[in-house]
Amino acid sequence: MSKEVITGSEALMRALHNEGVKTIFGYPGGAIMPVFDALYDYTRGETKWFDHVLVRHEQGAGHAAEGYAMVTGRPGVCVATSGPGATNLITAIADAHMDSVPMLAITGQVGSRGIGTDAFQEADIVGATMPFVKHSFLITRPEDIVPRVAEAFHMASTGRPGPVLIDISKDAQEGLT
């Protein structure tokens with residue numbers, strides 16, 4: 001029995017679908033573009049799994065995901081790129097934390113070899129959000145995406161609900177599982 005080989009971004013789409021995600025709020029950028037490329041294929045036609053709401057600012061994506069979670073009772077999902085895109089989510093993440101709102105924030109990150117080097121648009125979003133999340137994951141290997149998404153949804157929804165951050169390096173998004 002052979003295992004299907006897919007990209008990390010494709011694995012992310014499948015993992016989100018398996019968690020029952022219907023709507024994703026986000027704003028594209030360079031370090032998250034592989035995820036948006038995969039998302040595009042699942043927002044139309046026979047493979048329409050998601051509605052994607054393109055916001056005008058990353059903070060809007062975070063607050064929209066927060067509002068979605070409050071209305072539906074399911075974790076809201078927001079997506080942003082690295083650096084300033086990711087840091088623009090912090091206010092919404094902090095608000096979700098204070099109001100006990102289940103939310104999954106997915107951010108792109110520079111390639112794993114560039115992490116910690118002050119690479120272009122690199123920001124330590126895991127460290128920056130530490131006071132405001134139940135947990136953060138920095139994913140640098142594509143095979144870690146699916147189990148971390150399942151774990152993140154469980155954490156966001158159980159006990160005191162709250163936000164969980166998944167930061168995925170660009171090479172993990174592009175890599176094969």
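Which residues form one aromatic cluster? In this predicted model, the cluster consists of Tyr42, Trp49 and Phe50, and a search of the whole structure finds three aromatic pairs.

A pair of aromatic rings is described by the distance of the centres and the angle of the planes. For Phe25 and Tyr68, the ring centres lie 5.9 Å apart and the planes meet at 65°, so that this pair is classed as edge-to-face, the cut-off for that class being an angle over 60 degrees. The pair links distant parts of the chain, since Phe25 belongs to strand 1 (residues 23-26) whereas Tyr68 belongs to helix 3 (residues 58-72), with their positions 43 residues apart in numbering. Phe25 has a relative accessibility of 9% and therefore counts as buried, the limit for this class being under 20%; Tyr68, with a relative accessibility of 21%, counts as partly exposed.

Within the aromatic cluster, the rings of Trp49 and Phe50 are also paired, with their centres 6.2 Å apart and their planes at 80°, so this pair is likewise edge-to-face. With regard to accessibility, Trp49 is partly exposed, its relative accessible area being 27%, whereas Phe50 counts as buried at a relative accessibility of 1%. Tyr42 is the remaining member of the cluster that these two residues help to form.

A contact of another kind involves a charged side chain and a ring: Arg44 lies over the face of Tyr40, at 3.9 Å from the ring centre.

Key. Residues are numbered from 1 along each chain as its sequence is written. This is a predicted model: local features need pLDDT of at least 70, side-chain atom pairs count only at pLDDT 80 or more; totals for chains, interfaces and linings use all residues. Side-chain values use heavy atoms; hydrogens and water are left out. Rings of Phe, Tyr and Trp (its six-membered ring) pair if their centres lie within 6.5 Å; planes under 30 degrees apart count as stacked, over 60 as edge-to-face and the rest as tilted. Helices (H or I, at least four residues) and strands (E, at least two) are DSSP runs, numbered from the N terminus. Buried means under 20% relative accessible area, exposed over 50%, partly exposed in between (1.4 Å probe, protein chains only). A charge sits over a ring if NZ of Lys or CZ of Arg is within 6 Å of the ring centre and within 35 degrees of the ring normal.
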